[in-house]
Amino acid sequence: MSVSHVLSSTTNSQITHAGMVQSITRTCLKPDLGCFSIFDGGFSGLVVINFSAPAAIEIYREYMINMGMPESELAFSHTSDEVSNVMGELMNQMLGDFINKISKELQTSISQSQPKMLTINKELTISVDTNLDEAVARRVSFKTQKNHIFYLEFAMDKTEFIKLNDFDADEDFDLDDLLAEHGQGSGSQHSKQVQNKQKDVQMSTSADDLFDELGI
């Protein structure tokens with residue numbers, strides 16, 4: 001899934017998602033840090049991610065340390081503007097990864113609004129500013145490497161995609177792989193690229209399984 005893939009790679013830590021998806025009646029922004037974005041196009045919907053303060057701080061700090069920032073210069077409170085900005089940027093990357101997968105797997109196109117991050121101390125109900133036909137809402141729980149829990153919630157059209165013709169999903173163009181194939185890269189680099197490609201295939205398979213669970 002895009003959330004686990006993006007956060008694991010950007011924080012260099014293990015972010016996992018539950019094997020079960022929960023059916024819910026409405027989407028909410030919840031304490032301590034809530035982020036949401038609206039998407040539209042082939043289908044419409046709303047995605048919300050709710051972070052507890054410990055989960056937000058852990059992800060923020062691991063991300064910044066992985067980027068080379070000294071730990072002594074990092075914020076300690078989830079109410080810091082820097083934390084909100086970083087978490088908003090990470091959600092933007094997650095949605096971008098998700099949209100890329102949707103474009104390849106389902107042969108459709110969607111666009112997203114700029115993610116909005118809010119520090120809140122009360123639950124806020126949030127809905128898409130449009131009429132969704134037979135809207136469905138789901139919640140997925142995630143766990144950080146230090147066992148802090150956060151949740152993704154989304155509401156979207158009840159949509160069924162029916163394949164008309166067999167097709168192969170477009171593959172990403174990787175310049176490093178092309179150079180390796182033509183003998184421009186070292187053996188160790190090629191081995192690492194093969195390992196990364198295998199990992200991407202596993203991620204894609206996991207994403208496909210989750211799409212099936214969500215009924216997409």
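Is Cys-28 buried or exposed? At 4% relative accessibility, Cys-28 counts as buried. Cys-35 is buried as well, with a relative accessible area of 0%. As for disulfides, a search of the whole structure finds zero. Please keep in mind that this is a predicted model.

Let me give the overall layout. The protein chain has five helices and ten strands. It has 216 residues, and buried residues make up 40% of them. If we take contacts between residues at least 6 apart in sequence, 69% of them join residues at least 24 apart.

I will start with helix α1, residues 2–11. Eight of its ten residues are buried, so α1 is largely enclosed by the rest of the structure. The buried ones are Ser-2, Val-3, Ser-4, Val-6, Leu-7, Ser-8, Thr-10 and Thr-11. What covers them? The cover over the buried residues of α1 includes strands β1, β5, β9 and β10, and also helices α2 and α3.

One of those covering helices is α2, so to the packing angle. The axes of α1 and α2 come within 7 Å and cross at roughly 50°. The two helices are therefore oblique to each other. On the α1 side the contact is made by Leu-7, Ser-9, Thr-10 and Thr-11, and on the α2 side by Ile-59, Glu-62, Tyr-63 and Asn-66. Sorted by class, the residues of this contact are three nonpolar, four polar and one charged.

Next, α2 against α3. Helix α2 spans residues 53–66 and helix α3 spans residues 81–105; their axes come within 10 Å and cross at roughly 80°. That crossing makes α2 roughly perpendicular to α3. From α2, the contact takes in Ala-56, Ile-57, Ile-59, Tyr-60, Tyr-63 and Met-64. From α3, the residues are Glu-82, Val-83, Val-86, Met-87, Leu-90 and Gln-93. Here the division is ten nonpolar, one polar and one charged. Ile-59 and Tyr-63 appear in the α2 lists of the contact with α1 and of the contact with α3.

That brings us to the cores. Which residues have the most contacts inside the largest nonpolar core? They are Met-87 and Phe-150, in a core of 41 residues. The elements giving two or more residues to this core are helices α1, α2 and α3, together with strands β4 (33–41), β5 (45–51), β9 (136–143) and β10 (149–156). Of these, α3 gives the most, with ten residues.

Met-87 deserves a closer look. Leaving aside its neighbours within four places in sequence, Met-87 is in contact with Leu-33, Phe-51, Ala-56, Ile-59, Tyr-60 and Met-117. Of those partners, Ala-56, Ile-59 and Tyr-60 are also on the α2 side of the contact between α2 and α3. There is also a second, separate core, of six residues, and among them are Leu-29, Phe-36, Ile-120 and Ile-126.

Staying with α3, I will turn to Ser-103, which is found in that helix. Ser-103 is partly exposed, with a relative accessible area of 31%. Where does its chain position bring it in space? Ser-103 and Gly-42 are 61 residues apart in sequence, and their C-alpha atoms are 9.8 Å apart in space.

Last, the backbone. Most residues other than glycine have a negative phi, and most peptide bonds are trans. With that in mind, there are three places to check on the screen.

The first is Asn-12, which follows α1. Asn-12 sits in the loop between α1 and β1. Its phi is positive, about 55°, although Asn-12 is not a glycine. Is Asn-12 buried or exposed? Asn-12 is exposed, with a relative accessible area of 61%.

The next is Asn-147, in the loop between β9 and β10. Asn-147 is not a glycine either, and its phi is positive at about 65°. The two strands that flank this loop are among the elements that give two or more residues to the largest core.

The remaining place is a peptide bond. The bond from Pro-31 to Asp-32 is cis, with omega near 10°. Asp-32 is found in the loop between β3, residues 28–29, and β4.

That is what I have on this model.

Definitions and conventions
Residues numbered from 1 in each chain as written. Predicted model: local features only at pLDDT ≥ 70, side-chain atom pairs only at ≥ 80, totals over all residues. Heavy atoms only, no water. Axes fitted to C-alpha atoms, helices over the stretch in contact; angles between N-to-C directions. Helix = DSSP H or I, 4+ residues; strand = E, 2+ residues; numbered from the N terminus. Parallel < 35°, antiparallel > 145°, perpendicular 65-115°, else oblique. Contact = heavy atoms within 4.5 Å. Nonpolar A, V, L, I, M, F, W, Y, C, P; charged D, E, K, R; others polar. Core = buried A, V, L, I, M, F, W, Y, C linked by side-chain atoms within 4.5 Å. Buried < 20%, exposed > 50% of the residue type's maximum accessible area, 1.4 Å probe, protein only. Disulfide = S-S within 2.5 Å.
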